[in-house]
Amino acid sequence: KEGLLYCFFLSFVFLRLLCFAAMTGYCHHKYGENKEDYRMGQDFKAALSVPAFWFGVTGLIPFIALPVFGFFSVLPPSFWLGALHIYGALILSFMGGVIWGTALVGGGGFALLLWSMVPMLVAWLSFFLGRLWVLLCLVIGFLIHMGLERVVPDRPSWYRAMRLVLMPVVFTSLLFGLFAYW
């Protein structure tokens, strides 16, 4: 039982490290040693699209695997639901941090800075709900986040496209996890 969990965790960490190595190699190959030349330019933003996509895709692994484990594992589904809840809350908080960073760097004013806190607060509040409501609360939080992303300035087109690919998987996973628990 625990071996399956350790195997999953190590595979996830390995894939993330592999993506980090690929990202470092990709940027180094494309731009060489002098990173100052492209740090804030369009070339830098375009260079981030490939590694960011792979980080996003590997970030879906727990969203996909945890509900499946909830259906087929010998461990109780509540264990996998809890793991999915924690991971989803962490990712939702991270997405609020992405908006916070954009507000600090690209402007957007106090309102955007304030709204960037909403995903984290929704994730935090989800820990006070009953087991059947936590994943629905996260779905609502991700929906709020999608609405926030529509008004955030200075988003590269590849980022919006990537989010449109990743978010349906997140929604499906959270709802699938809810059904696995029932």
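Let's start with α3 and α6, which pack at an angle of about 20° with their axes 10 Å apart. That makes α3 roughly parallel to α6, where roughly parallel is under 35 degrees and roughly antiparallel over 145. The axes are lines fitted to C-alpha atoms, for helices over the stretch in contact, with angles from 0 to 180 degrees between N-to-C directions. The helices themselves are DSSP runs of H or I, at least four residues, numbered from the N terminus.

A word on the source, friends: this is a predicted model, with local features needing pLDDT of at least 70, side-chain atom pairs counting only at pLDDT 80 or more, and totals for chains, interfaces and linings using all residues. Residues are numbered from 1 along each chain as its sequence is written, and side-chain values use heavy atoms, leaving out hydrogens and water.

Now to α5. Its axis and that of α3 come within 7 Å and cross at roughly 160°, so α3 and α5 are roughly antiparallel to each other.

On to the surface. Here I86, L90, W100, L104, V105, M117, L121, W124, L125, F127 and F128 make a nonpolar patch of about 1100 Å². A patch takes residues with over 30% relative accessible area and no salt bridge, nonpolar side chains being joined within 5 Å; a salt bridge is a Lys or Arg side-chain nitrogen within 4 Å of an Asp or Glu carboxyl oxygen. Areas are Shrake-Rupley, with a 1.4 Å probe.

Which elements give two or more residues to this patch? They are α3 (77-106) and α5 (118-125), and α3 gives the most, with 5 residues.

Finally, have a look at F127, in the loop between α5 and α6 (134-151). F127 counts as partly exposed because its relative accessibility is 44%, between the buried limit of under 20% and the exposed one of over 50%.

Note on methods
Patches are made of residues with over 30% relative accessible area and no salt bridge: like charges are joined within 9 Å, nonpolar side chains (Val, Leu, Ile, Met, Phe, Trp, Tyr) within 5 Å. Buried means under 20% relative accessible area, exposed over 50%, partly exposed in between (1.4 Å probe, protein chains only). Angles under 35 degrees count as roughly parallel, over 145 as roughly antiparallel, 65 to 115 as roughly perpendicular and the rest as oblique.
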